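Please open the structure in a viewer and keep the selection panel at hand. The stops below are meant to be followed in order.

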Amino acid sequence: MKKTHWFRLLAGLFGFALLASACGSDDPSSSSAAAACEPGQIDGDLALYNWAEYIDEEQLFAFADEHGISASIDSYDSNEAMQPIVSEGNSGFDVIVPSDYMVSVMIAAGSLMPLNYDAIPNSANLMSDMQNLYFDPDGAYSLPYQWGTTGIAVNTEAIGEDFPRTWGLIFDPAISGEFDGQIQLLNDPRETMGAALHYLGYSNNTTDMDELNEARDLVAATASRLAAFNTDSADEFLTSGETVIAHGYSGDMFVQALETENPAQYVYFVPEEGGTLWIDNFSIAHDAPHPCTAHTFINWMYSGEQGAALTNWNYYNTPNEAAVPFLDEDLLDFVNDPTVLAGGVDSLESLQDTGDFETNYSDAFVEAKG
Amino acid sequence: MSSAVEPRGWTKAMLHANGWMVYLFFYAPILLLVIFSFSASRNVGTWGGWTLDWYREFGDNQSARNALSDSLKVAVFSTVVSVVLGTMAALSLERFTFRGKQVFDALLYLPIIIPDVTMAVMMLLFFSQFFDVINMVFGLNMRKGFNSIVASHIAFSISFVSVVVRARLAGMDNKMEEAALDLYATRWKAFRHVTLPQISPGIAGGALLAMTLSLDDVVITQFVAGPGWTTLPVYVFGLIRKGVTPLINAISVVMLIASMTLVVLSLVLERARGGTGTQ
Amino acid sequence: MTMVDESVKDVGVEATPEFEAAAIRQESQRGFLLALPSYAYLVLFFVVPLVIVVVYSFATRNQFGGTDLSGWNIDSYAKLGEPIVRAILFRSVWLALITTVICLMIGYPFAYFLATRSQRIRNVMLVFVMIPFWTNFLVRNYAWRVILGNDGPFTKTTEFLGLGEHELLFSQTAVVLGLVYGFLPFMILPLYASIERIDTGLLEASRDLYANGWQSFRRVLLPLSTPGVIAGSILCFVPSLGAYVTPEILGGAKTTLLGSYIVTQFLTARNWPLGASLSFVLMAIMLSATLVYFRKGGQTL
């Protein structure tokens with residue numbers, strides 16, 4: 001067994017060496033200091049890591065051309081796929097776009113570089129009610145990118161114009177029993193359990209096991225009445241007739257409706273019991289190779305013009321005050337429609353990371369599905 | 001096939017029917033895919049009239065084009081290497097006995113049975129450290145990108161190739177090779193002119209499989225890629241998250257044509273060389 | 001370049017036990033050297049990363065979803081005993097079995113059909129089998145979603161045939177269909193490779209000896225193609241067990257299967273230790289099953 005024994009020993013040793021260094025670098029690198037950058041300073045090319053179709057690549061390339069560099073954009077489909085790649089280090093990315101709760105997770109893990117606001121003077125354009133966000137109170141590590149809500153969209157041709165603006169539209173057979181098999185919930189533990197929790201009158205960030213179990217049982221009872229649990233195509237199923245009542249994101253629903261012959265047929269709203277407010281943010285990776293370019297990019301995107309270009313392209317909501325005058329009519333109508341927030345602005349609740357309790361949400365979701 | 005053995009009547013009809021049904025089964029979604037890539041409706045599933053807009057959009061989209069070429073580069077490279085390594089592995093396991101053979105055999109099955117996401121995570125962790133060590137020892141500045149993607153693809157493809165080649169080799173006696181050796185051929189010549197032609201269907205099958213695996217891989221590639229190295233499946237995966245539009249169909253058709261071109265090219269090259277593979 | 005093999009020089013030497021032993025050692029060495037490149041490659045780029053993940057399975061999930069490597073424990077393995085995990089496992093194994101059996105039922109005749117075409121056509125037909133799989137597999141799943149959806153070609157066909165409206169989408173049937181579609185080539189390729197090399201003379205001989213088609217199949221063809229059957233079954237069963245995209249897209253994610261469960265642990269729940277332990281246990285089970293399967297099939301290992 002000599003040769004192979006020797007081999008495995010070597011492999012084991014090597015593995016151990018790697019492991020040892022892995023253990024070593026697990027401590028968050030000495031909290032990175034904010035990069036000393038001047039406004040408009042460029043220190044290399046830009047590597048952007050963003051959600052798919054969240055920014056027009058033409059806009060990105062315009063930035064690159066203007067500053068005489070090249071820019072690359074790579075995409076991810078979930079925060080949880082992006083985070084380990086950035087946290088492990090040497091990802092090569094400069095600017096990333098994490099969601100609210102993920103920002104707090106990444107701050108704790110030391111994966112974000114503090115922002116140097118001297119290099120981002122346009123941050124003054126940030127709307128006042130988007131400041132002092134719970135996940136990053138001083139905005140030390142993040143600056144809002146786009147935001148939106150999660151609620152329900154319905155096909156009024158099927159259910160009529162007069163429907164109760166409540167989560168019961170999904171969860172209560174008495175209200176929507178006739179549409180069994182044409183209802184859809186998001187395939188996301190936090191969002192779907194959150195919807196159930198809101199319907200039951202609880203917070204969607206609860207750490208109370210009893211409340212969570214109640215929500216789980218509600219979702220379990222509803223599961224058989226669903227067409228599907230789905231996140232990516234929630235909007236398409238609605239407009240293709242597969243579903244009549246859809247749980248989904250504001251921007252997605254809005255854009256999809258515009259693609260149809262009769263957009264007014266589809267109505268999006270956040271139920272009166274409350275829904276999710278989500279905010280995606282600009283952040284800089286802790287080991288970004290070109291931090292100054294990153295700052296300049298964020299600053300450039302925060303001008304009124306660029307902010308509007310961004311929002312007019314992806315049709316979500318902008319946190320940029322200066323961008324509002326340049327927004328498309330359709331979008332403004334949608335955003336300013338008072339009936340969208342059935343419970344008012346205060347009914348909105350952002351998702352927060354619940355620390356050690358977090359796994360209970362995904363477990364409950366799995367159990368609810370059966 | 002001699003008429004004495006050819007299945008007759010009922011059996012023959014069933015066989016043929018099954019054959020063509022399978023082809024229909026395979027191509028049904030592809031037909032849909034191709035047809036709807038020309039549909040003017042944003043919704044795949046509702047026909048909106050003929051248009052080439054989606055192909056134009058793909059042509060204009062630099063990210064998509066880069067993704068396509070990246071995918072092809074990775075696929076070709078990883079297929080070639082994994083076919084060579086996989087065939088060698090198969091040969092060693094089927095033709096020889098040596099110390100540690102059982103361990104090697106078991107080891108070869110691991111990449112097949114490991115869940116994608118697990119391999120993705122472990123390769124991420126591995127490469128983060130690996131490049132640190134390499135850069136330290138050799139003073140280089142390597143980072144994740146083409147090399148880590150290809151290395152990962154090879155890692156899982158070797159096993160698949162070897163399984164297919166082994167299925168071909170298994171039970172195949174080596175009388176012909178021994179005869180060649182008796183006739184004073186060197187081992188290499190015996191391999192090249194006797195064994196290789198016999199196992200080439202297995203090798204071809206393995207190569208096709210390896211290429212398919214590489215072109216399809218999403219999760220692993222996602223986790224070990226670097227900036228500027230998004231492959232097409234990863235790109236499409238992200239696009240789908242935002243909504244399934246005929247653009248995705250158009251991209252898939254383009255990828256299909258690109259892969260077909262590659263295969264046709266390699267077949268042509270093989271024939272030009274005198275075709276060691278064709279019987 | 002010499003045509004003459006060096007060892008032939010010894011042809012006049014007596015075949016003493018020492019000579020035999022030396023020849024065997026030489027063979028063994030050759031075998032080892034042949035295996036070495038892939039062996040070394042896999043050790044570096046597979047075993048070492050795997051060791052890291054195994055280590056993670058003994059770690060703990062910290063409150064931010066990161067992994068705390070200090071303080072080893074087997075908590076994540078303990079979790080595997082819970083009823084929810086067993087239910088998922090059972091469901092997934094069952095689904096994978098059905099898929100594999102169907103693939104075999106369809107794939108074997110097809111591989112035979114392919115292997116018995118004329119030389120020239122064979123290769124082309126094989127390539128045509130693989131071509132659909134050079135589109136993105138996600139996209140293929142979405143195409144099936146359109147086909148099986150309401151107002152899709154499938155419903156329209158059943159209506160046309162007078163069988164009534166039959167939307168298959170989001171049902172278990174749709175999932176099995178999708179899985180069979182995805183893994184049929186993995187069954188066909190090894191089967192083809194294996195059947196193709198069978199000497200038709202043997203089948204002829206059995207005919208000559210008055211065996212009918214079924215007997216020839218059962219006693220000659222099948223045993224000779226067993227390596228292909230085994231290889232194909234493994235290449236089909238294993239990925240089916242870990243599949244998560246098809247159940248999500250075609251099944252509406254209404255039941256959780258093993259693949260989705262593992263992905264959920266690594267991504268949504270950010271519980272890497274549990275994801276690692278699940279994967280590790282799955283792999284251990286699969287490896288032992290492969291071992292058993294092989295022993296029964298009389299293959300090596």
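The tour begins with one chain as a whole and then proceeds to individual selections.

The model is predicted, so that local features need pLDDT of at least 70 and side-chain atom pairs count only at pLDDT 80 or more, while totals for chains, interfaces and linings use all residues. Residues are numbered from 1 along each chain as its sequence is written, chains are lettered from A and ligands numbered from 1 in the order in which they are written, and side-chain values use heavy atoms, with hydrogens and water left out.

**Chain B as a whole**

Select chain B and colour it by secondary structure: eleven helices and zero strands should appear. Helices (H or I, at least four residues) and strands (E, at least two) are DSSP runs, numbered from the N terminus. The C-alpha trace of chain B spans about 70 × 65 × 35 Å along its principal axes. Of its 279 residues, 61% count as buried; buried means under 20% relative accessible area, exposed over 50%, and partly exposed in between (1.4 Å probe, protein chains only). Contact means heavy atoms within 4.5 Å. Among contacts in chain B between residues at least 6 apart in sequence, 67% join residues at least 24 apart.

**The loop between α1 and α2 of chain B**

Next, select Gly48(B), which is found in the loop between α1 and α2 of chain B. Gly48(B) is partly exposed, at 37% relative accessible area. Not counting residues up to four places away in sequence, Gly48(B) touches Ser39(B), Ala40(B) and Ser41(B). For a distance display, add Leu196(B): its C-alpha atom and that of Gly48(B) are separated by 52 Å, with the two positions 148 residues apart along the chain.

Trp47(B) is also in the loop between α1 (9–36) and α2, and counts as partly exposed at 40% relative accessibility. Add Leu31(B), Ile35(B) and Trp50(B) to display the nonpolar surface patch that they form with Trp47(B), with about 470 Å² of accessible area together. Patches are made of residues with over 30% relative accessible area and no salt bridge, with like charges joined within 9 Å and nonpolar side chains (Val, Leu, Ile, Met, Phe, Trp, Tyr) within 5 Å. A salt bridge is a side-chain nitrogen of Lys or Arg within 4 Å of a carboxyl oxygen of Asp or Glu.

**A charged patch from both chains**

Select Glu53(A), Glu58(A), Glu57(B) and Asp60(B), which gather in a surface patch of negative charge. Asp60(B) belongs to helix α2 (residues 53–60) of chain B and is exposed, with a relative accessible area of 60%.

**Helix α2 of chain A**

Move to residues 57–67 of chain A, where the buried residues of helix α2 are Glu57(A), Gln59(A), Leu60(A), Phe61(A), Phe63(A) and Ala64(A). What do these buried residues pack against? Their partners are β1 (46–51), β2 (71–76), α12 (291–301) and α13 (304–314) of chain A, together with α2 and α3 (62–95) of chain B. Just after α2(A), Gly68(A) takes a positive phi of about 70°.

**Two buried residues of chain A**

Select Ser75(A) in strand β2 of chain A. Ser75(A) is buried, with a relative accessible area of 12%. Leaving aside neighbours within four places in sequence, Ser75(A) is in contact with Tyr49(A), Asn50(A), Trp51(A), Ala52(A), Thr230(B) and Val234(B).

Finish at Thr222(A), in helix α9 (residues 209–223) of chain A. Is Thr222(A) buried or exposed? Thr222(A) is buried, with a relative accessible area of 1%. Beyond its neighbours within four places in sequence, Thr222(A) is in contact with Ile170(A) and Phe171(A).

Note on methods
Accessible areas come from the Shrake-Rupley method with a 1.4 Å probe; for residues, only the protein chains shown count as cover. Lys and Arg count as positive and Asp and Glu as negative; His and the chain ends are not counted. The place of a charge is taken as NZ of Lys, CZ of Arg, CG of Asp or CD of Glu.
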